[in-house]
Amino acid sequence: MSEVRIAAEPRTEFGKGAARRTRRAGKVPAVLYGHGTDPQHISLPGHDLMLALKTPNVLLTIEGLAGGAELALPKDVQRDPVKGFLEHVDLLLVKRGEKVVVDLPVNVVGDVVPGGRLAQAVVEISVEAEATHIPESVDLDITGLEIDSQVLAKDLKLPSGTTLVADEEILIVQITDATVSAEAAAEAPEAPAEGAAAEGEGESAAE
């Protein structure tokens with residue numbers, strides 16, 4: 001897994017105004033918590049953090065803290081809903097060898113059989129993994145899966161060192177019959193045009 005070093009600065013001002021000033025300076029307000037310690041309010045360099053967060057479950061080495069560098073995982077990332085810039089990040093303290101629960105993307109590989117269509121019901125799955133060895137994704141190879149096949153969470157081949165936390169019976173993907181759905185769409189009755197309906201109603205009224 002990826003491990004990124006990032007420099008933190010203590011944050012002593014709070015509130016919306018202080019947060020806006022922090023972001024204008026190119027930094028992102030953050031809170032570091034966990035292991036029964038008091039939350040630490042810090043700011044992180046916005047560009048470096050944005051690049052780091054492109055990797056799912058990236059492990060961050062937070063430097064510049066009063067007690068020395070700490071390892072942390074992003075747990076809650078808030079972005080501006082319109083412009084997409086980082087507004088705030090919650091970071092969970094972790095230690096090497098510690099087990100943590102994370103959501104891994106389900107990466108579907110392979111081709112659907114001729115006449116089939118892939119329906120993916122779940123795009124992430126919860127697993128437990130060692131904090132410093134979190135895989136980037138769970139690969140699911142659909143090569144050779146026949147029409148009407150289903151893959152449940154218990155059928156996934158998880159990366160070494162991870163265990164399933166999610167419900168074993170959760171549906172991940174299924175292969176449907178593409179020709180059936182196409183035929184159903186073709187056989188669907190067409191709605192009468194508004195003009196035709198009005199004309200028919202007028203004729204009935206005239207009779």
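Leaving aside its neighbours within four places in sequence, which residues is I125 in contact with? The close-ups below start there, in what is a predicted model.

**View 1. I125 and the residues around it.** Setting aside neighbours within four places in sequence, I125 is in contact with V102, D103, L104, V106, V138, A153, L156, L164, A166 and I172. One of these, I172, shows up again in the next view, alongside I125 itself.

**View 2. The largest nonpolar core.** Here you're looking at 23 residues, and I125, L140 and I172 are the ones with the most contacts inside this core. Who supplies the residues? At least two each come from β6 (70–79), β8 (99–109), β10 (124–130), β11 (138–141) and β14 (171–177). The top giver is β8, with four residues. If you're wondering about the general idea, nonpolar side chains tend to be buried together in soluble globular proteins.

**View 3. A second core.** Separate from the largest one, this core has 19 residues. Look for L32, L44, L53 and I62, which are among them.

**View 4. The largest pocket.** Now for some empty space: this pocket has a volume of about 310 Å³. Its lining is made of 16 residues, and P56, N57, P74, D103 and E124 lie nearest its centre. You've met D103 already, as a contact of I125. The elements giving two or more residues to the lining are β6 and β8, and β6 has the largest share, with six residues. Sorted by class, the lining has nine nonpolar, five charged and two polar residues.

Technical notes: Residues numbered from 1 in each chain as written. Predicted model: local features only at pLDDT ≥ 70, side-chain atom pairs only at ≥ 80, totals over all residues. Heavy atoms only, no water. Core = buried A, V, L, I, M, F, W, Y, C linked by side-chain atoms within 4.5 Å. Buried < 20%, exposed > 50% of the residue type's maximum accessible area, 1.4 Å probe, protein only. Contact = heavy atoms within 4.5 Å. 1 Å grid on protein atoms, 1.4 Å probe; cavity = no way out; pocket = protein on both sides within 12 Å on 5 of 7 lines; lining within 4 Å. Points joined across faces, edges and corners; volume = space filled by probe spheres on them. Nonpolar A, V, L, I, M, F, W, Y, C, P; charged D, E, K, R; others polar.
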